[in-house]
Amino acid sequence: MMNNEQYREHIERTFNAFCKIVLYHAALNTYKIIRRKQQFEVSLDYLREFDFEPVTTTDEYFVKYDMPTTFTVCGKSVIVESEQLAAALLRLPEKRREVLFMRYYLGYSDTEIGSLFGVSRSTTFRRRKIALRLLRKEMEALEDEEQEEQFAAL
């Protein structure tokens with residue numbers, strides 16, 4: 001019995017020594033990684049104010065859109081705050097615009113929109129996809145026009 005207890009104590013001490021060695025080497029690896037990172041770090045005390053860009057910015061989201069555009073769809077008012085999006089939507093045919101508003105602003109499903117227009121769900125889906133493609137083209141055209149105006153102003 002004594003032999004068993006000595007063996008168990010030997011196993012515990014061996015395991016303890018093994019754990020200490022593993023922890024020691026893990027700490028060494030961590031210190032190496034930290035030292036390696038510190039080689040590439042620069043203290044902010046050495047930087048002068050004009051060497052880097054300002055750290056803050058001003059949010060102009062609500063300042064930009066003081067005059068939102070309002071559309072009426074199915075007797076409900078839909079407010080579009082983005083001027084560029086509203087201009088692109090105005091260029092779309094009315095049916096396509098209504099499908100987009102009903103789906104994305106009013107939350108109707110394709111089946112519900114189809115029943116309101118008297119067409120199938122798949123037809124509504126196709127109309128919506130075509131309307132999105134047209135909207136994308138209109139947005140790109142508006143961006144190009146704005147860029148041309150900016151270059152002309154220079």
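**A partly exposed glutamate and a buried arginine**

Glu146 is partly exposed, its relative accessible area coming to 39%. In this predicted model, Glu146 belongs to helix H6, which covers residues 121-153. Glu146 also has company: together with Glu140, Glu143, Asp144, Glu148 and Glu149, it forms a patch of negative charge on the surface. Membership of such a patch calls for a relative accessible area over 30%, and Glu146 qualifies on this count because its value is 39%.

It helps to set this helix in the context of the whole chain. The chain contains 6 helices and 2 strands, and read from the N terminus their order is α-α-β-β-α-α-α-α. Of the 154 residues, 14% are buried. The exposed surface of the chain amounts to about 13100 Å², with carbon and sulfur atoms supplying 55% of that area. As for how the chain meets itself, 46% of the contacts between residues at least 6 apart in sequence join residues at least 24 apart.

A charged residue in another setting is Arg97, which lies in helix H4 (residues 94-105). Arg97 is buried, yet no salt bridge is found for it. Which side chain of opposite charge is nearest to Arg97? That side chain belongs to Glu94, at 5.7 Å. A salt bridge requires a side-chain nitrogen and a carboxyl oxygen within 4 Å. Once neighbours within four places in sequence are set aside, the residues in contact with Arg97 are Phe71, Leu89, Leu90 and Leu92.

Conventions
Residues numbered from 1 in each chain as written. Predicted model: local features only at pLDDT ≥ 70, side-chain atom pairs only at ≥ 80, totals over all residues. Heavy atoms only, no water. Helix = DSSP H or I, 4+ residues; strand = E, 2+ residues; numbered from the N terminus. Buried < 20%, exposed > 50% of the residue type's maximum accessible area, 1.4 Å probe, protein only. Contact = heavy atoms within 4.5 Å. Areas by Shrake-Rupley, 256 points an atom, 1.4 Å probe, with all protein chains shown as cover. Patch = residues over 30% accessible without salt bridge, like charges linked within 9 Å, V, L, I, M, F, W, Y side chains within 5 Å. Lys, Arg positive; Asp, Glu negative; His and termini not counted. Charge placed at Lys NZ, Arg CZ, Asp CG, Glu CD.
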